[in-house]
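Here is a short note for a colleague opening this structure for the first time. Please keep the 3D view at hand while reading.

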Amino acid sequence: MAESVDVLVIGLGPAGACAAAEAARRGCRVIAVDRKREPGRPVQCAEFVPAMAGAGTRGLADSVRQPIRAMMTFVEGGAPDAKEDFSGYMLDRARFDAALVASAGQAGARCQFGKAVRSITCDGRIELSDGRSLTATVIVGADGPRSAVGRRIGQVNRRLIETRQITVPLLRRHEATDIFLSAGIPGGYGWLFPKFEVAHVGAGVDSAHKARLKEIVAGLHAALVENGRVGTEILGRTGGAIPAGGMLQPWGTLGGTLALLAGDAAGLTNPVTGAGIPAAVYSGRLAGEAAAAWVAGDRGAGAGYEDELRGVFQAALARAVRRRRELAARARDGV
């Protein structure tokens, strides 16, 4: 027989961990699952958080590795356009995620790793990879840009940036995030994000050009080596997808079960900077609150959750989507 809980959270990144913690603090019986074996690993993130977006994010300060003061944008190798007031932080993302999961556990949520979702039925029954069946009054989809929960309720991130990133030695102290725009990086951009003694070097492209990512990142790495900025050794590799089409409708129903989307699953990542951690934390907390309200009988909780998210994120995300299109056009035109 299926185990029944109040709230089932799928995904234990920042959005899922915050949703699980908030719902548990409000008295809900919460199970949260993640296909990864441990919190935050492998890291699939450039680990940058803008200062304004990260203001008030619980647990952020303990995970900061380096402050950032500016953003430099390079178009086709020309002189950089400096934005000096673009401050922020480089995180130890694995440490940050682990702290949020620990907080959820302390609040009473049962957090389980190495558990993938095998299927979600139209009436909200979930089958896990270990053979268990679960039913829940609320399902929170915090399972990334290709969310299984989002697919089930018909809310899918159609526009994705596919990314590849390497970690390399940083040879000169650097306190800015560097963005590289070029016609050779179709529909996306490259980056260098410093993290004291190392740097993340990567690129994101429209999904149609995913096969070119390896050569694009290798070319960017080689250019940075030639300029004496980074070393040749590759210390780590990662990659993934970033939603780039703006916010989705973040809720739906599966029979009598409320389904909520948070973080990347709801399309809340900034498509220009790639920053999604503060939005994940904020939307996760709101999702936990809405889940608890639904469990308590508030059938307007889903619509209320959407209203809150749209009030905070929709206008900024729409501007960022337009800005990304403008930057892509500049790169194509070489200006």
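The points below go through the sheet, a hairpin, a helix pair, two loop residues and the cysteines.

1. **Status of the model.** This is a predicted model. Please read every value below as computed from that prediction.

2. **The seven-stranded sheet.** Start with the open sheet of seven strands. Its order is E6-E5-E13-E14-E15-E12-E16, and the pairing is mixed. Strand E6 (81-83) and strand E16 (236-243) form the edges, each pairing on one side only. On average, neighbouring strands of this sheet are turned by 20° against each other, direction ignored.

3. **One edge in detail.** How do E12 and E16 pair? Strand E12 (residues 160-169) runs antiparallel to E16, and eight bridges link the two. To find the register, look at Glu162: its bridge partner in E16 is Ala241.

4. **A helix on the sheet.** Helix H5 (residues 213-226) packs on this sheet. It touches E12, strand E13 (176-181), strand E14 (189-195) and strand E15 (198-206). The direction of H5 makes about 140° with that of E15.

5. **The hairpin of E17 and E18.** Strand E17 (residues 251-254) has two faces worth checking. In a regular strand, side chains alternate between the two faces of the sheet. Here Gly252 and Leu254 point to one face and are buried. Trp251 and Thr253 point to the other face and are not buried. Strand E18 (residues 257-261) is antiparallel to E17, with four bridges between them. One of the paired positions is Gly252, whose bridge partner in E18 is Ala259. Two residues lie between the strands of this hairpin, and Gly255 takes a positive phi near 65°.

6. **A helix pair.** Two packed helices are described by the angle between their axes and the distance between the axes. For helix H1 (residues 14-25) and helix H6 (residues 277-295), the angle is about 30° and the axes are 7 Å apart. H1 is therefore roughly parallel to H6, as angles under 35 degrees count that way. The crossing of H1 and H6 is right-handed. On the H1 side, the residues that meet H6 include Pro14, Cys18 and Glu22. On the H6 side, Ala280, Gly284 and Arg285 are among the residues met by H1.

7. **Asp92 and Ser63.** Which loop holds Asp92? Asp92 sits between strand E7 (88-91) and helix H3 (93-107). Its relative accessibility is 22%, so Asp92 counts as partly exposed. Leaving out residues up to four places away in sequence, Asp92 touches Glu47, Ser63, Arg65 and Lys195. Asp62 is 30 residues from Asp92 in sequence, yet their C-alpha atoms are 9.0 Å apart. Ser63 belongs to another stretch, the loop between helix H2 (51-54) and strand E4 (64-68). Ser63 counts as buried because its relative accessibility is 2%. Beyond four places in sequence, Ser63 is in contact with Met90, Leu91, Asp92, Arg95 and Phe96.

8. **Cysteines.** How many disulfides does the structure hold? Zero. Why does Cys28 form no such bond? Its closest cysteine sulfur, in Cys111, is 14 Å from its own, which is too far for a bond. The cut-off for a disulfide is 2.5 Å between the sulfur atoms. Cys28 is buried, at 9% relative accessible area, whereas Cys122 is exposed, at 57%.

Technical notes
Residues numbered from 1 in each chain as written. Predicted model: local features only at pLDDT ≥ 70, side-chain atom pairs only at ≥ 80, totals over all residues. Heavy atoms only, no water. Buried < 20%, exposed > 50% of the residue type's maximum accessible area, 1.4 Å probe, protein only. Pairing = 2+ DSSP bridges. Axes fitted to C-alpha atoms, helices over the stretch in contact; angles between N-to-C directions. Contact = heavy atoms within 4.5 Å. Parallel < 35°, antiparallel > 145°, perpendicular 65-115°, else oblique. Left-handed = near helix turned anticlockwise from the far one by under 90°.
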